[in-house]
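These exercises walk through one structure, and each task is followed by a solution that goes step by step. Please keep the sequence and the structure in view while working.

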Amino acid sequence: MTEDGVLELRQYTLYGGKRDTLISIFEKNFIEPQNALGAHVLGTFRDMDDPDRFVWFRGFRDMPARQKALETFYGGPIWQAHKNDANATMVDSDNVLLLRPASLGHGISEPTASGAPGAVYVVTIYYLGGVDAAQFAEFFDHAVIPLLTAAGVQPIARLVTEEQANNFPRLPVRERDRTFLWLARWASLNDSDAFLAHSGAWSGWRDAAPASVMPALMQKPERLRLIPTARSKMQ
């Protein structure tokens, strides 16, 4: 399967002690029905740094496919049968970034559940403000990718905000937050922590950034450390 052209990074804040309840409901009822409609459940995760946070990626072929899939799923019998139980676990479900690949080949190709347990995924999110996404992606390719390659890290995806309006407003997205993010996998927590310590000591990598890109580099990026759930396609 080719990579999806539209993606959602969804972070749900849950009531205390309810994360495993939601994961159970989700994995038993919501994966296959969404996949069948073209709303691809690409990865489901526990946030390592917040016991009340459930994070997942969902992908679609394009924006029209997204609208059709969401209208069908959320108007259909599976969601109607389980929505009350799912919603009862959530404080908030509106922390959603609507995304697209930064360029061709930089999206998330549909993964398969493979690999040894214990892997850690890290999402690094830069907030662009008014910075042009293509310019930031070009800077990232020239300044950061060589550092990642030297460290033995190959990003799974590089994504930017989808600028088209949300075509399923029943599910809000953070339309005002323009972002660039990259996603990578480490075989273990020790490996990911070692990389984060190593990359935290990088010096000078912003020196050649164009003035037009610098505003997006002044704020430290947001970082999510994620552990796959049992049925996540990303393992």
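**Exercise 1. Strand 7 and its partners**

Which residue of strand 7 is the bridge partner of tyrosine 121?

*Solution.* Before starting, note that this is a predicted model, in which local features need pLDDT of at least 70 and side-chain atom pairs count only at pLDDT 80 or more, while totals for chains, interfaces and linings use all residues. Residues are numbered from 1 along each chain as its sequence is written, and side-chain values use heavy atoms, with hydrogens and water left out.

Step 1. Helices (H or I, at least four residues) and strands (E, at least two) are DSSP runs numbered from the N terminus, and two strands pair if DSSP finds at least two bridges between them. Strand 5 and strand 7 run antiparallel and are joined by eight bridges.

Step 2. The partner of tyrosine 121 in strand 7 is arginine 185.

Step 3. Strand 6, residues 157-161, also pairs with strand 7 in the antiparallel sense, over four bridges, and here arginine 158 has tryptophan 182 as its bridge partner.

Step 4. For burial, the cut-offs are under 20% relative accessible area for buried, over 50% for exposed, and partly exposed in between, with a 1.4 Å probe and protein chains only. Seven of the eight residues of strand 7 are buried, so this strand is largely enclosed by the rest of the structure.

**Exercise 2. Strand 3 and its neighbours**

Find the strands that pair with strand 3, and describe how its residues are placed.

*Solution.* Step 1. Strand 1 pairs with strand 3 in the antiparallel sense over eight bridges; within this pairing, tyrosine 12 is matched with phenylalanine 54.

Step 2. Strand 2 (residues 40-47) also runs antiparallel to strand 3, with six bridges between them, and valine 41 has arginine 58 as its bridge partner. These two strands form a hairpin with five residues between them.

Step 3. Arg53, Val55, Phe57 and Gly59 point one way from strand 3, whereas Phe54, Trp56, Arg58 and Phe60 point the other way, and all are buried.

Step 4. Glycine 38 lies in the loop between helix 2 (31-37) and strand 2. Contact means heavy atoms within 4.5 Å, and, leaving aside neighbours within four places in sequence, glycine 38 is in contact with Gly59, Phe60 and Ala69.

**Exercise 3. The nonpolar cores**

Which helix supplies the largest share of the largest nonpolar core?

*Solution.* Step 1. A nonpolar core is a set of buried Ala, Val, Leu, Ile, Met, Phe, Trp, Tyr and Cys residues joined through side-chain atoms within 4.5 Å. In soluble globular proteins, nonpolar side chains tend to be buried together.

Step 2. The largest core has 28 residues, and those with the most contacts inside it are Phe136, Leu148, Phe180, Trp182, Phe195 and Leu217. Helix 5 (133-143) gives the largest share of this core, with six residues.

Step 3. Apart from this core lies another, of 27 residues, including Ile23, Met90, Leu98 and Phe168.

Step 4. Leucine 148, when neighbours within four places in sequence are left aside, is in contact with Phe140, Val153, Pro155, Trp182, Phe195 and Trp202.

**Exercise 4. The two largest pockets**

How many residues line the largest pocket, and which lie closest to its centre?

*Solution.* Step 1. On a 1 Å grid over the protein atoms alone, a pocket is an open set of points where a 1.4 Å probe fits, with protein on both sides within 12 Å along at least five of seven lines, and lining residues have an atom within 4 Å of a point. Grid points are joined across faces, edges and corners, and the volume is the space filled by probe spheres set on the points.

Step 2. The largest pocket holds about 420 Å³ of space. Its lining has 18 residues, and Tyr126, Ser199, Trp205, Pro221 and Arg223 are the closest to its centre.

Step 3. Helix 7 gives the largest share of this lining, three residues.

Step 4. The second largest pocket holds about 280 Å³ and is lined by 20 residues, with Tyr12, Tyr74, Trp79, Asn87 and Leu171 nearest its centre. Helix 4 gives the most to that lining, four residues.
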